Amino acid sequence: EEGIDLLIVTPNDAMALVPTIERFYDRGIPVILSGRKIHSGKFTASITADNLDIGERVGNYIAGRLAGHGRIIEIQGPANATSCQERHYGLQSVLEKFPDIEVVSSISVNWDYKLALAAADSLLRLYPNIDLITAQNDVMASAAYEACERLHIHPTPAIVGVDGLMGPGNGLSNLADGMLSATCLNPTGASETIEMAYKILQGEPFNRNTVLSTVLIDENNVSTILMYIKILESYNK
(Lines give C-alpha, C1' and ligand atoms only; values in the text may rest on other atoms or scores of the structure.)
Protein backbone atom coordinates (compact mmCIF):
# COMPACT_ATOMS: atom_id res chain seq x y z
CA GLU A 1 0.00 0.00 0.00
CA GLU A 2 2.92 2.36 0.67
CA GLY A 3 4.49 1.50 -2.68
CA ILE A 4 7.79 0.28 -1.27
CA ASP A 5 10.64 -0.69 -3.59
CA LEU A 6 12.27 -3.30 -1.37
CA LEU A 7 11.54 -5.21 1.83
CA ILE A 8 14.11 -6.16 4.50
CA VAL A 9 12.80 -8.63 7.07
CA THR A 10 14.24 -10.61 9.99
CA PRO A 11 11.73 -13.43 10.44
CA ASN A 12 11.49 -14.63 14.03
CA ASP A 13 9.54 -17.68 12.83
CA ALA A 14 10.54 -19.70 9.77
CA MET A 15 6.91 -20.32 8.79
CA ALA A 16 4.68 -17.55 10.18
CA LEU A 17 5.72 -14.84 7.72
CA VAL A 18 6.04 -17.08 4.64
CA PRO A 19 2.65 -16.12 3.10
CA THR A 20 3.33 -12.41 3.53
CA ILE A 21 6.90 -12.61 2.22
CA GLU A 22 5.80 -14.70 -0.75
CA ARG A 23 3.09 -12.16 -1.56
CA PHE A 24 5.69 -9.37 -1.75
CA TYR A 25 8.03 -11.53 -3.81
CA ASP A 26 5.28 -12.56 -6.24
CA ARG A 27 4.42 -8.87 -6.78
CA GLY A 28 7.98 -8.27 -7.95
CA ILE A 29 9.16 -6.51 -4.79
CA PRO A 30 12.70 -7.64 -3.82
CA VAL A 31 12.91 -9.26 -0.39
CA ILE A 32 16.11 -9.49 1.68
CA LEU A 33 16.13 -11.93 4.60
CA SER A 34 18.49 -10.46 7.17
CA GLY A 35 19.71 -12.63 10.04
CA ARG A 36 17.28 -15.53 9.65
CA LYS A 37 15.76 -17.68 6.92
CA ILE A 38 12.30 -18.92 6.02
CA HIS A 39 11.00 -22.27 4.78
CA SER A 40 10.49 -20.96 1.26
CA GLY A 41 12.62 -20.20 -1.76
CA LYS A 42 10.67 -17.04 -2.56
CA PHE A 43 13.15 -14.36 -1.53
CA THR A 44 15.66 -12.25 -3.42
CA ALA A 45 18.68 -12.50 -1.12
CA SER A 46 19.62 -13.64 2.36
CA ILE A 47 22.37 -12.50 4.72
CA THR A 48 22.86 -14.70 7.75
CA ALA A 49 25.47 -15.83 10.21
CA ASP A 50 26.70 -19.41 9.90
CA ASN A 51 24.54 -20.64 12.75
CA LEU A 52 25.54 -24.28 12.36
CA ASP A 53 29.13 -23.18 12.77
CA ILE A 54 28.17 -21.11 15.83
CA GLY A 55 26.61 -24.19 17.41
CA GLU A 56 29.62 -26.31 16.57
CA ARG A 57 32.07 -23.78 17.97
CA VAL A 58 30.08 -23.58 21.20
CA GLY A 59 29.99 -27.37 21.35
CA ASN A 60 33.74 -27.64 20.88
CA TYR A 61 34.32 -25.04 23.57
CA ILE A 62 32.06 -26.94 25.97
CA ALA A 63 33.80 -30.24 25.25
CA GLY A 64 37.18 -28.66 25.91
CA ARG A 65 36.08 -26.69 28.93
CA LEU A 66 34.56 -29.77 30.59
CA ALA A 67 37.28 -32.14 29.37
CA GLY A 68 34.55 -34.32 27.87
CA HIS A 69 32.63 -34.87 31.09
CA GLY A 70 29.87 -32.88 32.79
CA ARG A 71 26.21 -31.85 33.07
CA ILE A 72 24.86 -28.90 31.11
CA ILE A 73 21.68 -26.90 30.53
CA GLU A 74 20.82 -25.45 27.11
CA ILE A 75 18.61 -22.34 26.88
CA GLN A 76 17.32 -21.81 23.35
CA GLY A 77 15.57 -18.96 21.59
CA PRO A 78 12.27 -19.38 19.66
CA ALA A 79 11.78 -22.98 18.60
CA ASN A 80 10.69 -22.01 15.06
CA ALA A 81 13.56 -19.61 14.32
CA THR A 82 16.03 -21.12 11.85
CA SER A 83 18.97 -19.55 13.69
CA CYS A 84 17.98 -21.39 16.88
CA GLN A 85 17.41 -24.66 15.10
CA GLU A 86 20.80 -24.51 13.39
CA ARG A 87 22.67 -23.53 16.56
CA HIS A 88 21.02 -26.43 18.38
CA TYR A 89 21.86 -28.92 15.61
CA GLY A 90 25.45 -27.69 15.48
CA LEU A 91 25.80 -28.06 19.23
CA GLN A 92 24.28 -31.54 19.17
CA SER A 93 26.52 -32.69 16.34
CA VAL A 94 29.56 -32.03 18.53
CA LEU A 95 28.24 -33.13 21.92
CA GLU A 96 27.00 -36.48 20.59
CA LYS A 97 30.67 -37.39 20.26
CA PHE A 98 31.06 -36.95 24.02
CA PRO A 99 28.72 -39.41 25.77
CA ASP A 100 29.90 -38.27 29.21
CA ILE A 101 28.54 -34.76 28.60
CA GLU A 102 24.87 -34.85 29.57
CA VAL A 103 22.38 -32.19 28.47
CA VAL A 104 20.03 -32.50 31.44
CA SER A 105 17.54 -29.98 30.00
CA SER A 106 17.02 -27.94 26.83
CA ILE A 107 14.34 -25.25 26.93
CA SER A 108 13.11 -22.51 24.54
CA VAL A 109 12.40 -19.07 26.03
CA ASN A 110 12.13 -16.71 23.04
CA TRP A 111 15.31 -14.61 23.61
CA ASP A 112 13.68 -12.98 26.64
CA TYR A 113 15.68 -12.04 29.77
CA LYS A 114 12.83 -12.48 32.25
CA LEU A 115 11.74 -15.80 30.77
CA ALA A 116 15.34 -17.02 30.74
CA LEU A 117 15.80 -15.91 34.36
CA ALA A 118 12.71 -17.82 35.46
CA ALA A 119 13.69 -20.89 33.44
CA ALA A 120 17.26 -20.91 34.74
CA ASP A 121 16.04 -20.46 38.31
CA SER A 122 13.69 -23.44 38.01
CA LEU A 123 16.20 -25.67 36.24
CA LEU A 124 19.01 -24.91 38.68
CA ARG A 125 16.72 -25.84 41.56
CA LEU A 126 15.68 -29.03 39.77
CA TYR A 127 19.17 -30.03 38.60
CA PRO A 128 21.86 -29.19 41.17
CA ASN A 129 25.55 -29.53 40.41
CA ILE A 130 25.35 -28.18 36.86
CA ASP A 131 28.77 -27.69 35.28
CA LEU A 132 27.84 -25.37 32.42
CA ILE A 133 24.93 -23.38 31.00
CA THR A 134 24.84 -22.58 27.29
CA ALA A 135 22.38 -19.99 25.96
CA GLN A 136 21.68 -19.08 22.35
CA ASN A 137 22.18 -15.38 23.01
CA ASP A 138 24.05 -13.29 25.57
CA VAL A 139 20.87 -11.82 27.03
CA MET A 140 19.70 -15.25 28.16
CA ALA A 141 23.23 -16.15 29.25
CA SER A 142 23.30 -13.07 31.49
CA ALA A 143 19.93 -14.08 32.92
CA ALA A 144 21.39 -17.49 33.77
CA TYR A 145 24.23 -15.76 35.61
CA GLU A 146 21.75 -13.70 37.62
CA ALA A 147 19.83 -16.86 38.51
CA CYS A 148 23.04 -18.40 39.85
CA GLU A 149 23.71 -15.29 41.92
CA ARG A 150 20.18 -15.25 43.34
CA LEU A 151 20.49 -18.91 44.31
CA HIS A 152 23.96 -18.32 45.79
CA ILE A 153 25.52 -20.96 43.55
CA HIS A 154 29.26 -20.69 44.00
CA PRO A 155 31.38 -21.39 42.16
CA THR A 156 29.13 -20.32 39.31
CA PRO A 157 28.83 -22.83 36.46
CA ALA A 158 30.58 -21.84 33.26
CA ILE A 159 28.14 -19.81 31.15
CA VAL A 160 28.37 -19.53 27.36
CA GLY A 161 26.37 -17.11 25.20
CA VAL A 162 26.08 -16.00 21.58
CA ASP A 163 26.21 -12.50 20.01
CA GLY A 164 29.41 -10.88 21.28
CA LEU A 165 28.12 -7.32 21.10
CA MET A 166 29.81 -4.26 22.57
CA GLY A 167 28.35 -1.97 25.19
CA PRO A 168 27.36 -2.12 28.87
CA GLY A 169 25.42 -5.26 29.71
CA ASN A 170 26.25 -6.94 26.41
CA GLY A 171 28.26 -10.07 25.79
CA LEU A 172 31.78 -8.68 25.47
CA SER A 173 31.60 -6.53 28.58
CA ASN A 174 29.98 -9.35 30.58
CA LEU A 175 32.70 -11.70 29.41
CA ALA A 176 35.41 -9.22 30.37
CA ASP A 177 33.74 -8.82 33.79
CA GLY A 178 33.74 -12.57 34.38
CA MET A 179 29.98 -13.08 34.18
CA LEU A 180 30.30 -15.18 31.03
CA SER A 181 32.95 -17.76 30.25
CA ALA A 182 32.65 -17.42 26.48
CA THR A 183 30.47 -16.05 23.70
CA CYS A 184 30.34 -16.65 19.97
CA LEU A 185 30.17 -13.72 17.60
CA ASN A 186 26.85 -13.40 15.79
CA PRO A 187 27.51 -10.76 13.13
CA THR A 188 24.48 -8.53 12.76
CA GLY A 189 24.84 -8.20 8.99
CA ALA A 190 23.34 -4.70 9.17
CA SER A 191 25.81 -2.90 6.93
CA GLU A 192 25.95 -5.87 4.53
CA THR A 193 22.15 -5.81 4.28
CA ILE A 194 22.07 -2.12 3.35
CA GLU A 195 24.84 -2.65 0.79
CA MET A 196 22.85 -5.54 -0.66
CA ALA A 197 19.70 -3.40 -0.85
CA TYR A 198 21.63 -0.72 -2.73
CA LYS A 199 22.97 -3.25 -5.26
CA ILE A 200 19.53 -4.72 -5.88
CA LEU A 201 17.90 -1.32 -6.34
CA GLN A 202 20.70 -0.18 -8.65
CA GLY A 203 20.52 -3.37 -10.71
CA GLU A 204 24.06 -4.38 -9.80
CA PRO A 205 25.21 -8.02 -9.43
CA PHE A 206 24.83 -9.55 -5.96
CA ASN A 207 25.19 -12.88 -4.18
CA ARG A 208 21.83 -14.43 -3.36
CA ASN A 209 23.05 -16.19 -0.20
CA THR A 210 25.66 -14.47 1.95
CA VAL A 211 26.96 -16.32 5.02
CA LEU A 212 28.91 -14.26 7.56
CA SER A 213 31.80 -15.77 9.50
CA THR A 214 32.05 -16.06 13.28
CA VAL A 215 34.62 -16.50 16.03
CA LEU A 216 34.46 -17.86 19.56
CA ILE A 217 35.50 -15.33 22.19
CA ASP A 218 36.70 -16.34 25.66
CA GLU A 219 39.10 -15.12 28.33
CA ASN A 220 42.05 -15.85 26.04
CA ASN A 221 41.12 -13.39 23.29
CA VAL A 222 38.50 -10.98 24.68
CA SER A 223 41.10 -8.35 25.66
CA THR A 224 42.60 -8.39 22.17
CA ILE A 225 39.19 -8.07 20.53
CA LEU A 226 38.16 -5.18 22.80
CA MET A 227 41.43 -3.39 22.04
CA TYR A 228 40.92 -3.92 18.31
CA ILE A 229 37.38 -2.50 18.51
CA LYS A 230 38.66 0.61 20.36
CA ILE A 231 41.25 1.14 17.65
CA LEU A 232 38.56 0.92 14.94
CA GLU A 233 36.36 3.36 16.86
CA SER A 234 39.22 5.84 17.10
CA TYR A 235 39.67 5.67 13.31
CA ASN A 236 35.96 6.32 12.76
CA LYS A 237 36.18 9.48 14.87
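I began with aromatic pairs in this predicted model, and my search of the whole structure returned 0 of them. I then looked at charges over rings, and noted that the charged end of arginine 208 lies over the ring of phenylalanine 43, at 4.0 Å from the ring's centre.

Next I turned to the sheets. I traced one open sheet of 6 strands, in which the pairing is mixed and the order reads β5-β4-β6-β7-β8-β10. I wrote down β5 (101–108) and β10 (216–218) as its edge strands, since each pairs on one side only. From one strand to the next, I found that the twist averages 20°.

I looked more closely at one edge, where β8 (residues 182–185) and β10 pair in the antiparallel sense over 3 bridges, and where isoleucine 217 in β10 is the bridge partner of threonine 183.

I also checked which helices pack on this sheet. Helix α3 (residues 82–95) touches β4 (70–76), β5, β6 (132–135) and β7 (158–163), and its direction makes about 165° with that of β4. Helix α5 (residues 138–150) packs there as well, touching β4, β6, β7 and β8, with its direction at about 160° to that of β7.

I then followed another open sheet, in which 4 strands in the order β1-β2-β3-β9 pair in parallel. β1 (7–9) and β9 (209–212) each have a single partner strand, so one side of each is left without a neighbour in the sheet. The twist here averages 15° from one strand to the next.

Within it, I noted that strands β2 (residues 31–34) and β3 (residues 45–49) run parallel and are joined by 3 bridges, and that isoleucine 32 stands opposite alanine 45 in β3.

Definitions and conventions:
Residues are numbered from 1 along each chain as its sequence is written. This is a predicted model: local features need pLDDT of at least 70, side-chain atom pairs count only at pLDDT 80 or more; totals for chains, interfaces and linings use all residues. Side-chain values use heavy atoms; hydrogens and water are left out. Rings of Phe, Tyr and Trp (its six-membered ring) pair if their centres lie within 6.5 Å; planes under 30 degrees apart count as stacked, over 60 as edge-to-face and the rest as tilted. A charge sits over a ring if NZ of Lys or CZ of Arg is within 6 Å of the ring centre and within 35 degrees of the ring normal. Two strands pair if DSSP finds at least two bridges between them. Helices (H or I, at least four residues) and strands (E, at least two) are DSSP runs, numbered from the N terminus. Axes are lines fitted to C-alpha atoms, for helices over the stretch in contact, and angles run from 0 to 180 degrees between N-to-C directions. Contact means heavy atoms within 4.5 Å.
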